[in-house]
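Open the complex in your viewer, keep a selection tool at hand, and follow along stop by stop. Each step gives you something to select and tells you what to look for.

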Amino acid sequence: MFSFILRRMLSLVLIAIAVPTIVFFVMRMVPADPAYVVLGDQATAESLAAFRQKAGLDQPLLVQYGEFVSGLARGDLGKSMITGQSISAQIADVFPDTLSLALGALVIGALVGISIGVITAVWRNTWIDFVGRVFALLGFSFPSFYLGVLLLLIFSVWLGWFPVVHTMRGDGWGEYLHKLALPALSLGLVQAAYVTRLTRSAMLEVLGQDYVRTAFAKGLAPRKVYFKHALRNVLITVITAMGVYTGTILGGAILTETVFNRPGLGKLLIGAIAQRDYNLIQSGLIMFALVIMVVNLLVDLSYGLLDPRIKYS
Amino acid sequence: MFKRSTVLSAVCATLVVAALQHAPVAHAQKLATEQVVRFGMAFNDIGTLDPHVSVGSSETPIVMTIFQSLVDFPGGEMNGDKVVPGLAERWEASADKKVWNFHLRRGVQWHKGFGEFTAEDVKFSIERVMSKEFGSPFRKSLQNIERVDIVNPYRVGIVLKQPDPTFVHLMGGYQAGYIMSKKAADKNTDPKLNPIGTGPFVMSEYKARESVTLVRNDTFWRGKPIVERIVYQFMPEASTRELALKSGEVSAIGIQAKQEIVDRLRNGGFAVDLTAPANTFVLYLNVNKKPLDDVRVRRALAHGTDRANLIAFLGKDLAKAEYSALPVGYTGHIDNITKYPYDVARAKALLAEAGLSKGFTMTVNMSNSNIYLPPMQIIQEQWKKIGVTVVLKVVDHPTYHRLIRQDENPLVLYGAFRFPMTGQLYFDQFYAGAASIGKPTAITNFIHYGDIIPGIDDLLAKATYNPNGPEQLRLWGEVQKKVAQDAVSIPLYTQYYAMARLKSLDLGHVQKSFSFYYITEKSRLLAR
C-alpha cells in the first residue's frame with residue numbers, strides 16, 4: 001500500500017511539472033497582449049512597453065519560464081498582472097467556495113443518482129423505471145448553466161426562497177448553506193443523471209449474478225440483498241466514475257459560479273482569461289489540475305476499502 | 001381703498017404660496033429606509049481605480065464618483081461645450097488662447113483626512129498624466145501643455161505650447177481631467193485600490209472579482225449625499241443580472257444594447273436609459289492589402305453596405321447611422337460629404353471597372369465580442385450580393401486587438417469613442433499618417449492613410465491648434481470630405497450604451513451620457 005501511494009505521489013510530481021509547463025507555453029502562444037487589455041487602445045507605445053517591462057513580458061521566453069518555475073518551487077504564485085494582488089491570497093480566498101460547491105454537487109449527485117439508479121434497476125420495466133430514465137435523459141440534455149438560470153427564476157425571483165446575488169462574506173453557516181443550495185443543486189442534478197444511468201446498468205448486471213439469485217433462494221430479505229450484497233459491488237463502478245467526473249464537476253463549477261455570481265476558482269479563472277492575466281490563469285489551471293489529481297488518488301485508494309480483493313502490491 | 005379683510009387674505013395667500021415653494025421635495029416622495037444602492041455591473045472585475053490609468057468601462061462610473069475635475073459636465077450629460085464649474089469656480093483664457101487661469105474652490109477636502117484641495121494638487125495631477133515615466137494612456141491628450149504654474153494656493157495658470165480655444169474640454173471629468181491628491185501620493189497611497197478623491201463618495205472596500213463598495217462623503221462640498229453606500233457588484237452573466245434586477249436585489253444593471261432586451265425590461269416596468277456619446281463603429285479599409293488599394297473597390301464596398309439593415313438588426317432605439325469620418329456630436333462634424341447610398345448594381349459596376357466582375361474573397365480576423373461579430377456577419381451577408389466573399393476567422397477580443405495591430409486584416413471593424421469630442425484627437429488617431437499601424441508612433445490608423453497613400457496630414461497640420469475657431473472647423477470639414485472621397489473608411493453607426501434601473505432609483509439627473517449610471521449627492525432611493 002505504501003509503495004503504491006509513493007508511486008502515485010511520484011506521478012503526481014511529474015504531472016505537477018508537466019501541467020504548468022504546458023499551460024505556460026500555451027498561454028504565450030495565444031496572440032493577445034495583456035498590455036492592451038489593461039491600458040486600452042489609446043495607449044502609447046511607451047506606456048505599453050513600460051507595462052510589458054514591469055510584468056516581465058519583455059524577457060526571453062525561457063527566462064520568463066525560469067522565473068515562473070522558481071516561483072512555483074518556492075510556493076510563490078506571484079502577483080496578478082492586472083490588479084497586482086497576491087495570487088496565492090486570491091486563490092486561498094475563493095478555493096473553499098469552489099470546494100464546497102463541488103462537494104455539495106458530488107453529494108447531491110451521489111445521493112440522488114444512486115437512489116434513482118437502484119430504484120429503476122429494482123423496478124425495471126415499470127413506470128418507475130421509465131420516469132427514472134427520463135430524468136437521466138433530461139439531465140444529459142440540460143446544460144448546468146441553463147438549469148441554474150431556471151432554478152434562479154423559479155426559486156429566487158418567483159418564490160423568493162433564495163437570493164440571486166451570492167456574496168459569501170460574513171455569512172454564518174446557515175446562511176452559507178442556504179446560498180450553496182441552489183448552485184449545488186444546479187450542478188449536482190446534472191451529475192445525478194450520469195450517476196443514475198451508471199448505477200442502473202451496474203445494478204442490473206449485479207442482479208443477474210448467481211450469488212444474488214442464491215441469496216434470494218436462501219430466503220434473504222430483498223432489502224438485504226439489494227443494499228448489503230448488490231449495492232456494495234455496484235459502488236466500486238460508481239465511485240470510479242465519480243472520480244473521473246470530478247473534472248466535469250470542476251468544469252461545471254466554472255459555469256455555475258458565473259451564473260450564480262458566486263465567488264470561486266472558476267469565476268476567478270474566467271475573469272483572468274478575459275483579461276489575459278497570464279499569472280493568474282497559470283496558477284488557476286495548476287490548482288484545478290492538482291485537485292483532479294488528488295481526487296483521482298483518493299478514488300484509487302478507496303478501492304481497497306470497498307473491495308477486499310484489491311491489493312496495492 | 002381696500003377692505004382690511006381683503007388685504008389680510010392676500011397676505012395669507014402669499015405666505016402660503018411662498019411656504020409651498022420652499023417645502024422640501026422629499027416630503028412629496030418617501031425615501032427608502034436603507035439608502036444603499038446596489039449595481040449589477042456587466043464585468044468580471046476592475047483593473048485599477050487610478051483615474052489616470054483606468055480605461056475599462058467597468059471602472060468609469062466608480063472613478064467619476066470618487067474623483068472630480070476642474071470643470072464639470074452638466075448633470076448627466078457629457079458635453080464639452082457646456083461645461084460648468086467643478087473644482088474651479090471660474091476660469092479665463094488669454095486672448096491668444098495659450099494661457100488658461102483656473103480659480104480654485106476653497107475649503108474642498110480630500111477623502112480620508114488628506115487635507116484641503118489646492119493648486120499643488122492640480123499641478124501634480126496634470127504633470128503626472130504628462131509624465132513619460134508614468135506612462136498614462138492619456139498622455140497624448142495633454143501634449144500641448146507647456147507647464148503648470150502655481151500662482152497661489154487657489155489659482156493655477158496652465159500655459160500651452162500652441163493656442164487651443166477648446167482646451168477647457170480637457171479639464172472635464174474624464175480621463176486626463178481628474179485631479180488627484182499630491183499628499184496621498186507622497187504617502188504612497190495605492191491609487192489602484194485605495195483612490196483618494198474629493199467626490200461625493202469615498203472608497204471603502206474592494207473584494208477581488210466580487211465588488212467595490214463606496215461610502216458617503218459626509219463633508220462633500222456640494223452637500224451631504226442622501227445615499228449612504230454604493231455597492232458595485234460584478235455580475236458578468238447577463239441573465240443573472242436581469243434576474244437580480246427583477247428580484248430587487250440590485251437597483252440597476254448594465255444591459256446588452258439589443259432592442260428585445262430593452263423592450264422586455266420596459267414592458268416589465270423598469271426604466272431603461274440609452275446614453276451617448278458612445279462607440280462609433282467604422283470599417284477601416286487597409287490600402288496595404290489588394291484589392292483595397294483600388295478606390296473603385298473601396299467605393300463598391302461602401303455602396304454594398306446597407307446601414308438601414310444594420311440599424312434594423314441592432315434596434316431602432318439603439319443605434320444611429322453614421323456617414324462622416326467624424327461622428328455626429330463631435331465638434332467639427334459635417335454632413336455634406338460624398339455619401340455612398342446602398343446600391344448593389346452600382347457596387348457591381350465599380351468592381352467590374354476594377355477588373356473584378358466575378359468579385360473577390362478576403363479573409364478577415366474578427367472578434368467574437370457580441371458587439372463586433374454579429375454586425376460583421378450582417379455585412380458579410382450584404383457583401384455576398386455584390387460578389388465579395390468574406391471569410392471570418394473568429395478569435396477572442398484581446399487576440400483581435402493584437403492581430404489588427406500586426407496589420408493582419410484587409411479591413412478592420414472598430415468601435416471607438418474619443419474624448420475630447422473634437423476633430424483633433426479623432427483624426428490624429430485614425431487618419432493621420434504618423435498613427436499608421438507598424439510605425440513607432442502607431443495608434444489606430446489601420447488604413448495606412450497618409451502612409452501608403454496620400455492622406456489628410458497637410459489639412460490636419462493647419463487645423464491643429466489653429467486659434468481661429470471657424471477656420472479650424474472648416475479645415476476639419478475638408479478632412480471629412482477628402483476621407484469620404486477616398487472611401488478609405490465606411491462609417492456605420494453609433495451604438496448607444498444601455499442600462500436599466502428600478503424606478504425607485506431617483507438619480508437626481510437625467511442620464512444622457514456615460515456607459516453606466518453614476519450617483520451624485522442628489523441621488524436617492526425611494527420607497528418601493
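Helices here are DSSP runs of H or I with at least four residues, numbered from the N terminus. With that in mind, select helix H12 of chain A, residues 278-306, and pick out A:Gly284 within it. Bear in mind throughout that you are looking at a predicted model.

**Stop 1: a glycine in chain A**

Is A:Gly284 buried or exposed? A residue counts as buried when 20 or more other C-beta atoms lie within 10 Å of its own. A:Gly284 has 27 such neighbours, so it is buried. Now show what surrounds it: beyond the residues within four places in sequence, A:Gly284 is in contact with A:Leu265, A:Leu268, A:Leu269 and A:Ala272. Add A:Gly266 to the selection as well; it sits 18 residues away along the chain, and the two C-alpha atoms are 8.1 Å apart.

**Stop 2: two helices crossing**

Stay in chain A and select helix H5 (residues 87-122) together with helix H8 (residues 173-207). Their axes are 5 Å apart, and the helices pack at an angle of about 35°. The crossing of H5(A) past H8(A) is right-handed. Colour the contact residues by class and you should find 22 nonpolar, 10 polar and 1 charged.

For a contrast, go to helix H9 of chain A, residues 210-217. How many of its 8 residues are buried? The count is 0, so H9(A) is hardly covered. Just after H9(A) comes A:Gly219, with a positive phi near 95°.

**Stop 3: where the chains meet**

Show both chains and select the residues in contact across them: 43 from chain A and 36 from chain B. On the chain A side, helices H2 (34-39), H3 (45-54), H7 (144-158), H10 (222-259) and H11 (265-275) each contribute at least two residues. That side is made up of 24 nonpolar, 13 polar and 6 charged residues. For the complex, the predictor reports an ipTM of 0.82 and a pTM of 0.84.

**Stop 4: a four-stranded sheet in chain B**

Hide chain A and bring up the open sheet of chain B whose 4 strands run in the order S4-S5-S7-S6, with antiparallel pairing. Strands S4 (88-93) and S6 (145-152) are at the edges with a single partner each, so one side of each has no neighbour in the sheet. On average, neighbouring strands are turned by 20° against each other, direction ignored.

Walk across the sheet strand by strand:

- S4(B) and S5(B) are joined by 5 bridges, and B:Glu92 stands opposite B:Asn101. Their hairpin has 5 residues between the strands, including B:Lys97, whose phi is positive and near 60°.
- S5(B) and S7(B) also share 5 bridges, with B:Phe102 partnered by B:Val156.
- S7(B), residues 155-160, connects to S6(B) through 6 bridges, and here B:Val156 is the bridge partner of B:Ile150.

Next, turn on the side chains of S5(B). Which of them point to the buried face? B:Trp100, B:Phe102 and B:Leu104 do, while B:Val99, B:Asn101 and B:His103 point to the other face and are not buried. Finally, add helix H3 of chain B (residues 119-130): H3(B) lies across S5, S6 and S7, running at about 170° to S6(B).

**Stop 5: backbone details in chain B**

Most residues other than glycine have a negative phi, and most peptide bonds are trans. Four places in chain B are worth a click with that in mind.

- B:Lys290 and B:Pro291 are joined by a cis peptide bond, omega about 0°; B:Pro291 is in the loop between strand S13 (280-285) and helix H7 (295-303).
- B:Phe419 to B:Pro420 is cis too, with omega near 0°, and B:Pro420 is in the loop between strand S17 (411-416) and helix H12 (423-430).
- B:His448 has a positive phi near 70° and is buried, with 24 other C-beta atoms within 10 Å.
- B:Ala487, in the loop between helix H14 (469-486) and strand S18 (489-495), has a positive phi near 50°.

**Last stop: confidence**

Colour chain B by pLDDT: the mean is 91, and 95% of its residues reach 70 or more. Then select residues 15-27 of chain B, where pLDDT stays under 50 and the model has 1 contact beyond four places in sequence. Where pLDDT is low, the predicted coordinates should not be read in detail.

Notes:
Residues are numbered from 1 along each chain as its sequence is written. Chains are lettered from A and ligands numbered from 1 in the order in which they are written. This is a predicted model: local features need pLDDT of at least 70, side-chain atom pairs count only at pLDDT 80 or more; totals for chains, interfaces and linings use all residues. Two residues are in contact if their C-beta atoms, placed from the backbone, lie within 7 Å. Ala, Val, Leu, Ile, Met, Phe, Trp, Tyr, Cys and Pro count as nonpolar, Asp, Glu, Lys and Arg as charged, and the others, Gly among them, as polar. Two strands pair if DSSP finds at least two bridges between them. Axes are lines fitted to C-alpha atoms, for helices over the stretch in contact, and angles run from 0 to 180 degrees between N-to-C directions. pLDDT is the predictor's confidence in each residue, from 0 to 100. A residue is buried if 20 or more other C-beta atoms lie within 10 Å of its own, exposed if 12 or fewer, and partly exposed in between; C-beta atoms are placed from the backbone. A crossing is left-handed if the near helix is turned anticlockwise from the far one by less than a right angle, and right-handed if clockwise.
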